[in-house]
Structures are given as C-alpha cells and as structure tokens.
Amino acid sequence: MSEWHKNWQNQFPEDWREVVLERNNEKHFADIFTPQGLVIEFQHSSISPEKIIERELFYTNMVWVVDATSFKKNLVISDLLENSVERLKKKYSKTILSREISKRIEEEVNMLRTAILNLKNKLFRNPRILERRKDILKIYERTLKDLDGYLSDEAFKTWQKKGRIHFSLGECLDLDEVEIRTQLIDLYQKINSNSKLIEQINIELEGNGYSIKGNNSKEKLEIEKDKILGKNRHLKNSLQKIRNEVKLIFLKGLPNLIEKEKLEIQKIEMDLPKINKEIISKNLDVEQIKKTKEKRISEFLAKKNLEFKQEMRVIKKENYDIFSYEWKHERRSWRSASKPMFLDLGNEYLFKIKSNSLLERISKTRFIKHYSYK
C-alpha cells in the first residue's frame, strides 16, 4: 500500500478503513466503507479494465479516487471560467464598443446626408420636369380643342410621312399605331393610284385619243372614269371611318390624360416646399446627432457595462470550478469505469470527471467533509 493510499485512508475514521465485504462467496477489502454503504476506492497503481468492472459490479455503490500525479502531464486542463471571462472581456472591450457605436452613429449621419443629396437632386430636377409636363399639358389641351384639325386629311398625311402618330399620342391613348399607319398608307396609295388613272383618262378625253387600256370609245372611258371615282369615294369613306374611330378614342382618352397631367403638375408643385422642409429637417437631425454623439457613446457604454456584469454573473455561476480537458495519451483502461471518478493531481484539489471533455474541481477538504458526513 503506497503512502498516497495510506494518507487518503487516514482522512476517514479508522473503523471505516479496510472493511471486509463478502457477497456470493466473493470477498473484497473496501478502502473506505461509509455508514451510508458507500465504498471509496483509492487507486494508486495501474489497473486492468477487467478489475475495474469486477469491483464496480461487486461494490455497486462506490466512487474512485485515482492518483493522477504520474500521468497528469498527459492531461491538458483549461479553466472554462477563465477562458469565458477572457472572451467576455474581449466582447465588451471599451475600445471595440466605442468603435462600434461611433461607426453606427457615422452610418446614421451618412444615411441622412445621402437622403439630403437625393432630395436636393429632386429639388433641382423637379422644375425642369414641371416645365416639360406643362408643355405636354398644352399639347393635350390644344389637340382636344382643335381635334378636327388635328385629325384632318393633312394631319393623316403627316402621320404617314413621319411614320407614327403625331406627338406620340397614339401610345398614350393605347392606339395600335402600326395597324393604323398600315391602313392609311394602303388607302392613300390606292387613292393616289386611282387619281393618276383619272388624270390619264381626262387627258385622253381632252385629246380625243381614246386609247387608254385599250378603250377606243368616249363612252367606255367615261364608264371607266366613273368606276374609278366610285372606288375613290369608297376609299375616302374608309379614310373618314378611320378618322372617326381615332377621334372617338381621342375624345375618350384625352380628357383623362389632361386630368392626369394636371394632377402630376399639382403634386410636383406641392412637393417643392415639402422637399425644402424635409432638407431643413434632415440637416437639423445631422447637427443633433453630432451634438449628442459623446452622450450617446457614454450611454451606450454604460448600458453595455450592465450587460457585461449580468453575463459575468451567469458565466461564474455556470463555469465556476468547471474545466475542459484533453488527453495527450489517454489511460484507456479507465474507459471501462462507470462509477464517479476523481483525479488527484497532487495539490489541494480533486477533479471529478463529468464527461469526455469536462472536469469539476472540488477541494479535498470538501470531498472529505462530504463523504465523512454521518
């Protein structure tokens, strides 16, 4: 029996030491057997997994105290409380927090400045937009006032020449410009072609040649001329029909466009003083943020200090005497143990193995007092 073993046994009453326990023709000497029926086994030397299992099965209610001085260099133990406190101090570093709140305040100022710049751009653009909209409104009103002139034969010819409806009103009024343009071009081409034929017939009639298209009589030329004139009347009726259809669309849509444009103009005119007022307000906000910056930083740090203290209390409560550990070279035989195990590293503390990564530190005095209680 080692001195370490004897020293531990001497911490408990003599009649608790080396107590013989016998069960089912099997006998063991318990290092310590308390009146509560708990066995404390002090293990100085190495032990096989089979022996560990055998003793645990026999004693049932027991704990291990293992002399770990010989292999403590194989253990890397870290104080969770110390590590957690260091992380917490870093998290609540005054320098970091001051930088954080200063950055946040600067972002607020920059957002306001960006908003002010956008408002100033809007203030600069709006008068020009307003003038353009007023010009558009004049065009709409003028068009509605002189709609017949706008939709006259000459206007239709202008549309045809320019390739789209004048002033792009077709797009505004949801007109199919391409279809209308196609119909107009086709009708005007046919009318022009027929007009040329009539001119030729008139020339033949005046010269008494009667040779156009093989006709050799005045009567036939007159009939042909009447026929072509009839076609032209029909084509012109078609032109008038298109004009009437477009006119109906204009009569229905233009008043709505005019009303819409007036509302837009009114909105822009009302927005101008609002924008000026908003610019003044946001400039005041910027100045206010600058004035209160130091106060805000101070209040923020005070708030974070309270949070730090609260978190510190929780950390101390959760991690007091709790350590993490890793094996460099694990004593694998102790994997077989299922009962509570305390490691003695040769100082005033024991380390209870809580899991594969956590230890709980307990003073030897507390351990002895706890298990000596009768």
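In this predicted model, strands β7 and β8 run antiparallel and are joined by 3 bridges. Within this pairing, Phe 342 has Lys 352 of β8 as its bridge partner. The hairpin formed by β7 and β8 has 4 residues between the strands, and Gly 346 takes a positive phi near 95 degrees there. Strand β8 is in turn joined to β9 by 5 bridges, again in an antiparallel arrangement. Here the bridge partner of Phe 351 is Arg 361 in β9. The strands β8 and β9 likewise form a hairpin, with 4 residues between them.

Strand β9, which spans residues 358-363, also pairs with β6 in the antiparallel sense, over 3 bridges. In this pairing Phe 323 stands opposite Leu 359 of β9. Strand β6 has a further antiparallel partner in β5, with 5 bridges between the two. Leu 75 stands opposite Trp 327 of β6. Pairings can thus be followed from β7 to β8, from β8 to β9, from β9 to β6 and from β6 to β5.

A parallel pairing is found between β3, residues 39-43, and β4, the two being joined by 5 bridges. Val 39 stands opposite Met 62 of β4. In a regular strand, side chains alternate between the two faces of the sheet. Both faces of β4 are covered: Met 62, Trp 64 and Val 66 are buried on one side, as are Val 63, Val 65 and Asp 67 on the other. The strand as a whole is mostly covered, with 6 of its 6 residues buried.

Aromatic contacts form a second theme of the model, which holds 13 aromatic pairs. In one of these, Trp 64 and Trp 334 meet edge-to-face, with 5.1 Å from centre to centre and 75 degrees between the planes. This pair links distant parts of the chain, since Trp 64 belongs to strand β4 and Trp 334 to the loop between β6 and β7, 270 residues apart. Both Trp 64 and Trp 334 are buried. Another pair, between Phe 71 and Trp 327, is tilted, with a centre-to-centre distance of 5.9 Å and 35 degrees between the planes. Phe 71 lies in the loop between β4 and β5, whereas Trp 327 lies in strand β6, 256 residues away, and this pair too links distant parts of the chain. The two rings fall into separate classes of exposure. Phe 71 counts as buried because its relative accessible area is 2%, under the 20% limit. Trp 327 counts as partly exposed because its value is 25%, which lies between the limits of 20% and 50%.

Ring pairs also link Trp 4, Trp 8, Phe 12, Trp 16, Phe 42, Phe 342, Phe 367 and Tyr 371 into a cluster. Among these residues is Phe 342, the bridge partner of Lys 352 noted above. Aromatic rings take part in contacts with charged groups as well. The charged end of Arg 361 sits over the ring of Tyr 349, 4.5 Å from its centre; Arg 361 is also the residue of β9 that is bridged to Phe 351. In a comparable arrangement, the charged end of Arg 23 sits over the ring of Phe 58, at 4.6 Å from the ring centre.

The largest pocket has a volume of about 340 Å³. Its lining comprises 17 residues, and those nearest its centre are Tyr 325, Trp 334, Met 341, Ile 353 and Asn 356. The elements that give two or more residues to this lining are β6, β7 and β8. By class, the lining residues divide into 8 nonpolar, 3 polar and 6 charged. Trp 334 is therefore a residue of this lining as well as the partner of Trp 64 in the edge-to-face pair, and it is buried.

Backbone geometry provides a final point. Most residues other than glycine have a negative phi. Glu 18 departs from this with a positive phi near 45 degrees. This residue is placed in strand β1, residues 17-23, and counts as partly exposed because its relative accessibility is 32%. Asn 24, which is not a glycine either, has a positive phi of about 55 degrees. Asn 24 lies in the loop between β1 and β2 and counts as exposed because its relative accessibility is 72%, over the limit of 50%.

Note on methods
Residues numbered from 1 in each chain as written. Predicted model: local features only at pLDDT ≥ 70, side-chain atom pairs only at ≥ 80, totals over all residues. Heavy atoms only, no water. Phe/Tyr/Trp six-rings, centres within 6.5 Å; stacked < 30°, edge-to-face > 60°. Buried < 20%, exposed > 50% of the residue type's maximum accessible area, 1.4 Å probe, protein only. Lys NZ or Arg CZ within 6 Å of the ring centre and 35° of its normal. 1 Å grid on protein atoms, 1.4 Å probe; cavity = no way out; pocket = protein on both sides within 12 Å on 5 of 7 lines; lining within 4 Å. Points joined across faces, edges and corners; volume = space filled by probe spheres on them. Nonpolar A, V, L, I, M, F, W, Y, C, P; charged D, E, K, R; others polar. Pairing = 2+ DSSP bridges.
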